[in-house]
Amino acid sequence: MPAPRSAITSCTESTTYADSAFANVSNIDALVLNGANTVTLGANADTTGFTSLFGGTGNSVYTQGAAFDNALTFVGGSGNDDLTVTTAAQLANDDIEGTSGQDTLRLTESTTYADSAFANVSNIDALVLSGANTVTLGANADTTGFTRDRMSTRLNSSHVSESRMPSSA
């Protein structure tokens, strides 16, 4: 018989949680953080069963490494959060919601991102692209929260096609 699953694991200390911190953790559905944290989700975190991560009250940095392939529901905390999603497949499978503060989504895979890739992204203030990308921003990207003004200085060697992106007010 499999071990029973715990609904939530809460971490109340503001600290850095490397992927190795999750090496002996299993049967956890959600990680709830408090304060400012730096969290890396990789192969060890992948085996815990995490499907949700809830950010804390401080400015935090989260990295979803390539080895973490569980679909993730990410809800940022009240600070300025920085979320790195390593693969386009993760972006397609995740639900990402920034909250208050200035939240940034970083995409590190050099690939083509269709507008549909942003269908499950909301309340994100800035998009940062690494490498050579082709990105189409339309109706789905329009609802994310990032704007043309916030993207212009954050793009590297990428081609961006904008069909409906608003300027910030």
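R106 is partly exposed, at 30% relative accessibility. Partly exposed covers the range between buried (under 20% relative accessible area) and exposed (over 50%), with a 1.4 Å probe and protein chains only. R106 forms a salt bridge with D82, and the closest N and O atoms are 2.8 Å apart. A salt bridge here is a side-chain nitrogen of Lys or Arg within 4 Å of a carboxyl oxygen of Asp or Glu. Side chains of opposite charge can pair when their charged atoms come close. The structure holds one salt bridge. D82 lies in strand β8 and R106 in strand β10, so the pair ties together parts that are 24 residues apart in sequence. D82 is buried, with a relative accessible area of 16%.

This is a predicted model: local features need pLDDT of at least 70, side-chain atom pairs count only at pLDDT 80 or more, and totals for chains, interfaces and linings use all residues. Residues are numbered from 1 along each chain as its sequence is written, and side-chain values use heavy atoms, with hydrogens and water left out.

Now the overall make-up. The chain has four helices and 15 strands. Both are DSSP runs numbered from the N terminus: helices are H or I with at least four residues, strands are E with at least two. Of the 169 residues of the chain, 43% count as buried. Among contacts between residues at least 6 apart in sequence, 27% join residues at least 24 apart. Contact means heavy atoms within 4.5 Å.

Next, the sheet. Six strands form an open sheet in the order β2-β4-β6-β8-β10-β13, with parallel pairing. β2 and β13 (126-129) stand at the edges, each with a single partner strand, so one side of each is left without a neighbour in the sheet. Two strands pair if DSSP finds at least two bridges between them. Strand β2 (residues 16-17) pairs with β4 over two bridges, in the parallel sense. There, Y17 has V39 of β4 as its bridge partner. β4 in turn pairs with strand β6 (residues 61-64) in the parallel sense, over four bridges. T40 has T63 of β6 as its bridge partner. Towards the β13 edge, strand β10 (residues 104-107) and β13 pair in the parallel sense over four bridges. L105 is matched with L127 of β13.

What do the side chains do along strand β4 (residues 38-41)? They alternate. V39 and L41 point to one face and are buried. T38 and T40 point to the other face and are not buried.

L41 leads on to the nonpolar core. A nonpolar core is a set of buried Ala, Val, Leu, Ile, Met, Phe, Trp, Tyr and Cys residues joined through side-chain atoms within 4.5 Å. The largest one has 32 residues, of which L41, L53, L91, I96, L105, L107 and F118 touch the most other members. β3, β4, β8 (82-85), β10, β13 and β14 (133-137) each supply at least two residues of this core. The largest share, three residues, comes from β3. Take L91: leaving aside neighbours within four places in sequence, its contacts are V85, I96, L105, L107, Y113, A117, F118 and V121.

A polar residue is buried too. Q64 sits in strand β6. Q64 counts as buried, at 1% relative accessibility. The side chain of Q64 makes a polar contact with the side chain of D94 at 3.3 Å. A polar contact is a pair of N or O atoms within 3.5 Å; within protein, one must be able to donate a hydrogen and the other to accept it, and residues adjacent in sequence count only if both atoms are side-chain atoms. Not counting residues up to four places away in sequence, Q64 touches L41, N70, L72, T84, V85, T86, Q90 and D94.

Last come the aromatic rings. Rings of Phe, Tyr and Trp (its six-membered ring) pair if their centres lie within 6.5 Å; planes under 30 degrees apart count as stacked, over 60 as edge-to-face and the rest as tilted. By this rule there are two aromatic pairs. The rings of F22 and F50 have centres 5.3 Å apart and planes at 90 degrees, so the pair is edge-to-face. F22 lies in the loop between β2 and β3 (28-33), and F50 in the loop between α1 (43-48) and β5 (52-54), 28 residues apart. F22 is buried at 5% relative accessibility, and F50 is buried with a relative accessible area of 3%. Y62 and F74 also pair edge-to-face, at 5.0 Å centre to centre and 65 degrees between the planes. Y62 is in strand β6 and F74 in strand β7 (residues 73-75), 12 residues apart. Y62 and F74 are buried.
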